[in-house]
Amino acid sequence: MANNIIKEGDRSPRIILHEPAGSTVEVLLYGAQVISWKNERREEILFMSNKAVCKPPKPVRGGIPICFPQFANFGSLEQHGFARNRLWLLDDDPSPLPPANNQAIVDLLLKSTEDDLKTWPYRFELRLRIAVSAGRLTLIPRVRNVDNKAFSFTLALRNYFSVSDVSEVRVEGLETLDYFDNLMKRERYTEQADAITFDGEIDRVYLSTPTKIAIIDHEKKRTIVLRKEGMVDAVLWNPWDKKAKAIPDLGDEEYKTMLCLDAAAVENPIHLKPFEEWKGRQELSIVSSSYFSGQLDPQKVLNGLH
């Protein structure tokens, strides 16, 4: 489908997707980063910092940046890899993905450059399909090895969600799981809580997670459901007050209304032989808690009984 690229001064070119029910998605070509997802009632689902810089070469604080070929500092490259700091192209040949019915879609492509090869000496093609339908946002990343030697990578879709108050929301679906605590030199622990709530800084990689995880936000009367395939780990991050003050493109108080829940492949890097391809999938959906008379049953959400 035809996509109109909007260019404004020195800001990154962007594409706005509209689906028939009225929800919209805004995508920057720089980093292939989704920076807005509004539902049919024009409510913003994603968090975007008021201090975010929407022009290269700085990645944008918020939305859904893609971390590739390295998540965080799990390797020798720059933080979160270089894919979020590159200008992507429209993908004219996104095959072999099926056609998208009743969805607005854009297919984007990143190929390794000679500069990239100096720091990460492997030729690749990274494709990302972004598709929006009523109440649902789907991202399908695909990595193809076009080199004559094998390589491995880690990857994450860093989802910045807008929440009413991070100290009042809870995350379900990660109970009893092991996690790396990045605040404790990546030591491995086992989650003891029945549901995860927040009263301070958190930076954890949960391992071998289920395909569905939910953020329950009673004040907004909604639950965000993350479904994922091909990315077995999940990352929870919030900088809290002290670290927020040290982040230049984040407001001092903005940590209160954001929570990052990422679909990721971190513990076990993905290994691709020459000309092999890996495909992942992330689907975000919104469940209104009004369906349950104001009291959402998270187990019904996690078990898909909504």
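## Close-up views of a predicted model

**View 1. Tyr179 stands opposite Tyr189 in strand 14.** The two strands here are strand 13 (residues 178-181) and strand 14 (residues 187-190). They run antiparallel, and four bridges join them. Together they form a hairpin with five residues between the strands. Lys185 sits in the turn and has a positive phi of about 55°. Strands (E, at least two residues) and helices (H or I, at least four residues) are DSSP runs, numbered from the N terminus. Two strands count as paired if DSSP finds at least two bridges between them. Strands of a sheet pair through backbone hydrogen bonds, in either a parallel or an antiparallel way.

This is a predicted model, in which local features need pLDDT of at least 70 and side-chain atom pairs count only at pLDDT 80 or more, while totals for chains, interfaces and linings use all residues. Residues are numbered from 1 along each chain as its sequence is written, and side-chain values use heavy atoms, with hydrogens and water left out.

**View 2. Four strands make an open sheet.** Their order is 1-2-3-4, and the pairing is antiparallel. Strand 1 (5-6) and strand 4 (33-38) are the edge strands, each pairing on one side only. Look next at strand 2 (residues 14-18) and strand 3 (residues 24-28). Five bridges pair them in the antiparallel sense. Where does Arg14 find its bridge partner? The partner is Leu28, in strand 3.

**View 3. Asp115 and Lys118 form a salt bridge on helix 1.** A salt bridge is a side-chain nitrogen of Lys or Arg within 4 Å of a carboxyl oxygen of Asp or Glu. By this rule the model has 23 salt bridges. In this pair, the N to O distance is 3.4 Å. Both residues belong to helix 1 (residues 114-119). They are three residues apart, so about one helical turn separates them. Are these side chains buried or exposed? Asp115 is exposed, at 52% relative accessible area, and Lys118 is exposed too, at 69%. Exposed means over 50% relative accessible area, buried means under 20%, and partly exposed lies in between (1.4 Å probe, protein chains only). Side chains of opposite charge can pair when their charged atoms come close.

**View 4. A salt bridge joins Arg142 to Glu277.** The N to O distance is 3.9 Å. This pair links distant parts of the chain, 135 residues apart. Arg142 is in strand 9 (residues 136-145), and Glu277 is in strand 20 (residues 277-279). Arg142 is buried, at 3% relative accessibility. Glu277 is partly exposed, at 36%.

**View 5. Arg158 and Asp262 meet in a salt bridge.** Their closest N and O atoms are 2.8 Å apart. Arg158 lies in the loop between strand 10 (151-157) and strand 11 (160-162), while Asp262 is in strand 19 (residues 258-272), so the pair ties together parts that are 104 residues apart in sequence. Both residues are buried. Elsewhere, salt bridges that share partners join Arg136, Arg227, Arg281 and Glu283 into one network.

**View 6. Asp147 sits in the loop between strand 9 and strand 10.** Asp147 is buried, with 7% relative accessibility. What does its side chain reach at 2.8 Å? The answer is the backbone nitrogen of Arg123. The side chain of Asp147 also makes a polar contact with the side chain of Lys149, at 3.4 Å. A polar contact is a pair of N or O atoms within 3.5 Å; within protein, one must be able to donate a hydrogen and the other to accept it, and residues adjacent in sequence count only if both atoms are side-chain atoms. Contact in general means heavy atoms within 4.5 Å. Setting aside neighbours within four places in sequence, Asp147 is in contact with Pro121, Tyr122, Arg123, Pro274 and Phe275.

**View 7. Two peptide bonds leading to prolines are cis.** One runs from Phe68 to Pro69, with omega near 0°. Pro69 is in the loop between strand 5 (66-67) and strand 6 (89-90). Another runs from Ser95 to Pro96, with omega near 10°. Pro96 is in the loop between strand 6 and strand 7 (104-111).

**View 8. Thr176 and Lys221 have positive phi values.** Neither residue is a glycine. Phi of Thr176 is near 70°. Thr176 lies in the loop between strand 12 (170-172) and strand 13, and is exposed at 62% relative accessible area. For Lys221, phi is about 55°. Lys221 lies in the loop between strand 16 (212-217) and strand 17 (222-229).
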